[in-house]
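This report describes selected features of a predicted model, beginning with one short helix and continuing with a sheet, a buried residue and a pocket. The sequence and structure are shown first.

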Amino acid sequence: MSGERDRIESLLDRAAEARDEGDDARAEEAAREALDLIERGSGDASLRAEALLLLAEAAIDARRDEEAFARLDEAAETPEARAEAALLRARLHLLRWELPEAEAALGGCVGDPEIRAAALYERAILADLAGDVERADALYAEAARLDPESFREPVRMSDDEAREFLEEVLETLPETVREALDNVVIEIVPAPDPASDAGPDTDPLLLGLYEGVPRPQQSVANGGTLPGRIRIFKRNIERMAAFTDRLREELRLTLLHEIGHHLGWDEEDLAQRGLE
């Protein structure tokens with residue numbers, strides 16, 4: 001039996017490591033194998049809950065929402081997994097723009113400081129999306145105080161500073177690219193809004209968004225040069241930065257990424273043109 005447990009723990013460790021490395025497919029495969037062994041063998045509740053949480057995370061990332069909710073319901077049957085399951089449930093509600101439900105789920109995030117800090121951080125994001133900047137920043141600060149290794153306060157930059165910086169980035173682009181942007185409006189906004197043109201399916205944590213017809217698809221039939229719009233979601237980007245130089249780099253990369261969408265380029269095209 002100890003050999004089977006060692007195998008299960010190894011699979012769960014492999015799944016967690018794969019998630020940290022961004023290899024979602026490998027993480028899900030290992031977690032599924034672990035769950036299968038658990039359910040055919042010992043049925044250890046704590047190991048089963050760990051596998052279910054990993055599978056819920058994979059389902060959330062893939063936006064298989066109903067599967068994710070079901071996995072979280074199962075995991076929450078194990079007392080020691082309830083707080084983490086509540087945290088993941090809150091994130092899933094957030095991604096679905098169900099903000100009151102996300103806030104309610106966070107009420108179950110009690111226990112050790114790491115869980116409490118993560119819940120505070122999620123509440124800060126909810127406040128950001130609601131436009132309550134003062135409350136959001138207070139919550140970010142409290143999360144960073146409780147768990148400084150996992151969370152930090154966002155680096156802030158005024159809209160004017162961000163706009164000036166992005167204008168400098170545009171000046172560095174080839175003339176042909178700048179000309180292609182003549183009919184594109186570039187806006188700096190705090191965060192996505194499901195009531196806007198982006199619609200309710202827009203990821204609340206999105207960094208930037210291009211709306212319009214990419215140049216390769218434009219023709220006389222659709223108006224030739226229809227106006228386009230690039231929106232830069234500054235507070236989402238600020239949340240990623242540990243220092244000002246990093247914030248500037250994330251702003252630059254986001255702008256270039258959205259310009260690429262307008263031009264019909266992918267990441268490889270941007271790299272080949274030295275615009276990554």
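In helix H6 (residues 99-106), Ala102, Ala105 and Leu106 are buried, where buried means under 20% relative accessible area, exposed over 50% and partly exposed in between (1.4 Å probe, protein chains only). Helices (H or I, at least four residues) and strands (E, at least two) are DSSP runs, numbered from the N terminus. Because the three buried residues cover an arc of only 100 degrees around the axis, they lie on the same side of H6; the arc is that of the directions from the helix axis to the C-beta atoms. Pro100 and Ala104 are exposed on the other side of H6. The buried residues of H6 pack against H5 and H7, contact being defined as heavy atoms within 4.5 Å.

Residues are numbered from 1 along each chain as its sequence is written. In this predicted model, local features need pLDDT of at least 70, side-chain atom pairs count only at pLDDT 80 or more, and totals for chains, interfaces and linings use all residues, while side-chain values use heavy atoms, with hydrogens and water left out.

Strand E3 (residues 228-233) is mostly covered, with five of its six residues buried. Its pairings are tabulated below; two strands pair if DSSP finds at least two bridges between them.

| Strand paired with E3 | Sense | Bridges | Residue opposite Arg229 |
|---|---|---|---|
| E1 (residues 184-189) | parallel | six bridges | Val185 |
| E2 (residues 208-211) | antiparallel | four bridges | Glu211 |

Ile259 is found in helix H12 (residues 244-263) and is buried, with a relative accessible area of 2%. Not counting residues up to four places away in sequence, Ile259 touches Leu170, Leu173, Val177, Leu181 and Ile230. Ile259 and Ala105 are 154 residues apart in sequence and 37 Å apart in space, C-alpha to C-alpha.

The largest pocket has a volume of about 980 Å³. Of the 30 residues that line this pocket, Glu57, Leu87, Arg91, Glu122 and Phe151 are the closest to its centre. Helices H1 (2-20), H3 (45-61), H5 (82-95) and H7 (113-129) are the elements that give two or more residues to the lining. On a 1 Å grid over the protein atoms alone, a pocket is an open set of points where a 1.4 Å probe fits, with protein on both sides within 12 Å along at least five of seven lines, and lining residues have an atom within 4 Å of a point. Grid points are joined across faces, edges and corners, and the volume is the space filled by probe spheres set on the points.
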